[in-house]
Amino acid sequence: MTTSASVPAGPEGAIIAGAVTDRLVEANEQYAAAFSDPGMDARPVLHVAIVACMDARLDLHAALGLELGDCHTIRNAGGVVTDDVIRSLTISQRALGTRSIVLIHHTGCGLETLTEEFRHELEMEVGQRPAWAVEAFRDVDQDVRQSMQRVRTSPFLVHTDDVRGFVFDVKTGLLREIDPRDQA
């Protein structure tokens, strides 16, 4: 499968610096030419926040039948619940009215191939150890459970009764719900 991307490449197929951003800016100009203010505010209509991996294979709106304005979407490597995700969820709930949280990890995640050694390698390369953890994992189901637990036990979140976790299968497009009580 290919993507819609058509980006100028230089010798040996290397993408020319700035070409991707130029393509995005051009696409935005076309988008803006037909744009009209949808008349909504930042509060999601469905009162749900979705935390998911940043993987480019996940088209969350299409996969979940969502429209513009339906949800808050928070994405990072692995879809892991980190302090910054808790920050975003807290703002989403306390300032913008969300009540439900959906966590989505996926099969074939790149974090399953990394270890915390990645931080050490970065430190050796740049001379400074990152303050953040890689949050690598070997068992995607268990990592979803851990993420659900982090959400449910956060003192900053006021709505933790509707937290559900899923694994998205990148080959079939189906979600598989993870029971927080099951243990591997």
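Two strands count as paired if DSSP finds at least two bridges between them. That idea is handy for reading this predicted model, and a good place to try it out is the end of the chain. Here strand β4 (residues 163-168) is joined to β5 by 4 bridges, with the two strands running antiparallel. Within this pair, Phe-168 stands opposite Leu-175 in β5. The two strands make a hairpin, with 6 residues between them. In the turn sits Gly-173, whose phi is positive at about 85°.

Stepping back to the whole chain, the secondary structure comes to 5 helices and 5 strands. Read from the N terminus, the elements follow the pattern α-β-α-β-α-β-α-α-β-β. The C-alpha trace spans about 50 × 50 × 35 Å along its principal axes. Of the 184 residues in the chain, 33% are buried. Contacts across the sequence can be put into a number too: among those with a separation of 6 or more, 61% are between residues 24 or more positions apart.

Next comes the sheet. Strands of a sheet pair through backbone hydrogen bonds, either parallel or antiparallel. In this model, 5 strands build an open sheet in the order β2-β1-β3-β4-β5, and the pairing is mixed. At the edges are β2 and β5 (175-178), each of which pairs on one side only. On average, neighbouring strands of the sheet are turned by 25° against each other, ignoring direction. Helix α3 (residues 83-96) packs on this sheet and touches β1, β2 and β3. The direction of α3 makes about 170° with that of β2.

The hairpin gave an antiparallel example, and β1 with β3 gives a parallel one. Strand β1 (residues 48-53) and strand β3 (residues 100-106) run parallel and are joined by 5 bridges. One residue to look for in this pair is Ala-49, whose bridge partner in β3 is Ile-101.

On the edge strand β2 (residues 71-76), Asn-76 is worth a stop. Asn-76 counts as buried, with 17% relative accessibility. The side chain of Asn-76 reaches the backbone nitrogen of Gly-79 at 3.0 Å. Once neighbours within four places in sequence are set aside, Asn-76 is in contact with Ala-52, Cys-53, Met-54, Thr-82 and Val-85.

One of those contacts, Cys-53, leads to the cysteines. How many disulfides does a search of the whole structure find? The search finds 0. Cys-53 is in no disulfide, and the nearest cysteine sulfur, that of Cys-109, is 4.2 Å away. The view from the other side matches: Cys-109 is in no disulfide, with the sulfur of Cys-53 as the nearest one at 4.2 Å. A disulfide needs two cysteine sulfur atoms within 2.5 Å, so a pair 4.2 Å apart does not make the cut. Are these cysteines buried or exposed? Cys-53 has a relative accessible area of 4% and is buried. Cys-109 is at 5% relative accessibility and also counts as buried.

Aromatic rings come next. A pair of aromatic rings is described by the distance of the centres and the angle of the planes. The structure holds 1 such aromatic pair. Tyr-31 and Phe-35 form this pair, with 5.4 Å from centre to centre and 45° between the planes, which makes it tilted. Phe-35 counts as partly exposed, at 44% relative accessibility.

Finally, a look at the backbone. Most residues other than glycine have a negative phi. Two residues in loops go the other way. His-47 has a positive phi near 55° and lies in the loop between α1 (19-33) and β1. Glu-135 has a positive phi near 65° and lies in the loop between α4 (117-126) and α5 (140-152). How exposed are these two residues? His-47 counts as partly exposed, because its relative accessibility of 38% falls between the limits of 20% and 50%. Glu-135 has a relative accessible area of 19%, which is under 20%, so Glu-135 counts as buried.

Conventions: Residues are numbered from 1 along each chain as its sequence is written. This is a predicted model: local features need pLDDT of at least 70, side-chain atom pairs count only at pLDDT 80 or more; totals for chains, interfaces and linings use all residues. Side-chain values use heavy atoms; hydrogens and water are left out. Buried means under 20% relative accessible area, exposed over 50%, partly exposed in between (1.4 Å probe, protein chains only). Rings of Phe, Tyr and Trp (its six-membered ring) pair if their centres lie within 6.5 Å; planes under 30 degrees apart count as stacked, over 60 as edge-to-face and the rest as tilted. A polar contact is a pair of N or O atoms within 3.5 Å; within protein, one must be able to donate a hydrogen and the other to accept it, and residues adjacent in sequence count only if both atoms are side-chain atoms. Contact means heavy atoms within 4.5 Å. Axes are lines fitted to C-alpha atoms, for helices over the stretch in contact, and angles run from 0 to 180 degrees between N-to-C directions.
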